Amino acid sequence: MGKEMSPIYRKLLTWMLVTAIVLLAAPQSSFADQELAASSDMPFITLLDEFTLYASEDTRADDAIGALSPLQSVHLAPIKKSMLLNIISLEKVQVETWLGKAWINLKEGSYKYGKLVVENQNLTLLDRETPIYKAPSKMTDYKLSPQKVQAIASLDVCDPYTPCRTEDKWFLIHTSWLGDKWIRPFEYAEKYKGVPVKGLVPIAQESAVYLFPFAEPLQNEAKLKPQLANALTKYMITSMAGASVWYQVDTPQGLRWIYLDRDYGLGMEGIEAVDRTIDLPVPFQYFKTPYSYAGVSTSEEPPQAVHAIGKINDWYFTLANGSGTGVWINPSREVALRMTGDFENDQKFGVKKSQLSIELSHTSIALDAPYEDSAALNNALTFSKQFVMALREWTSYEGQTWYYIHTWQGYKWVRL
């Protein structure tokens, strides 16, 4: 029989087992957490003061190996991927220099994450007052009134790996009385270059005109009436409050900006100008925007002739009688959904009898009503290649022909 274990040895063995279990249960740092970020993932940092270069992270005076002059951007050396999200809180960073990798202590001067873009450009300041800064985030007591200034360099306001929605910039400008200083203008004319716009833009309501987006509306100029406008450019900005869309249009007073109300759609472009009177033989509705059946502008309108001035696909833009507000109608949908299959009823909408043999293919679809949208397509029938007899036919307002046929699921409307 073996020798009994001593109390001390038993305690030691128990402690070793518990330690092993704890170590096994503890989360192990993954390889990804220790992996270095790629050089391309590392941001630049722009030094606004002179910074000493150090051989190690200790950054002691006797560790200095050189210096970096102000107003230059240096690339940070790779760090662990897990540290990227906290990079702007680091006090000491390693940078790539002509001496190789070296350390700087960010507490020794002013800096701003991002790469300095050296470029001469004129800025037309629009803000009532634009503060002057010694360095980004270091304000002086001086301010600029609206005027033209010359910028010699710029930096993005947003920091790397930080949630940021603005496209604003810090600009280094030259002044004759303070030397080179920084500004962060919120409103300046050159900011609103916009992007080119193709086609016409619908203006649904009377719209004030502006010299620049977000400025005060021009009180001495008439508002633009509801119409189709030939927009030249578009300026769009998004924020937590949503999107703001501005269009630059040509007016008798020159180029002006308009803001389109979100109730009548943001960014509705590419409208085709038409001059067409559409006879609607059924009650119908006006819509604030095309494709949105929830955006009903009015209650049901009685059958009438409607004059359309714009078109996109099967939607038509018109100025509502009485109010003059720009609204949308969809004649083909309104008529198609009123069809019952009873010829006495449907012939009032232009349905004709037919004995035409038509060829179906795999691209043909059959629906309960001769109108195609995403909701109707959920119940569409498809076919293999075959010939069938069309009993009736109807041509939509856009010129598309539909045929009434008998299928294994009853009578349907098919388009080839």
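The exercises below concern a four-stranded sheet and two loop residues in a predicted model.

**Exercise 1**

Task: Find the order of the strands in the open sheet of 4 strands, and state which strands lie at its edges.

Solution. Step one is the order, which reads β20-β21-β22-β23, with antiparallel pairing. Step two is to look for strands that pair on one side only: these are β20 (272-280) and β23 (326-329), the edge strands. Step three adds the twist, which averages 40 degrees from one strand to the next.

**Exercise 2**

Task: Describe how β21 and β22 pair, and name the bridge partner of Gly-310.

Solution. Start with the residue ranges: β21 covers residues 304-312 and β22 covers residues 315-319. The two strands pair in the antiparallel sense over 4 bridges. Then go to Gly-310, whose bridge partner in β22 is Phe-317.

**Exercise 3**

Task: For Asn-313, give the sign of phi, the location and the exposure class.

Solution. Most residues other than glycine have a negative phi. Asn-313 is not a glycine, yet its phi is positive, about 55 degrees. Asn-313 sits in the loop between β21 and β22. Its relative accessible area is 51%; the class exposed begins over 50%, so Asn-313 is exposed.

**Exercise 4**

Task: Do the corresponding steps for Leu-71: phi, location and exposure class.

Solution. Leu-71 has a positive phi of about 55 degrees and is not a glycine. Leu-71 lies in the loop between β3 (64-68) and β4 (72-75). With a relative accessible area of 40%, Leu-71 is partly exposed.

Definitions and conventions
Residues numbered from 1 in each chain as written. Predicted model: local features only at pLDDT ≥ 70, side-chain atom pairs only at ≥ 80, totals over all residues. Heavy atoms only, no water. Pairing = 2+ DSSP bridges. Axes fitted to C-alpha atoms, helices over the stretch in contact; angles between N-to-C directions. Buried < 20%, exposed > 50% of the residue type's maximum accessible area, 1.4 Å probe, protein only.
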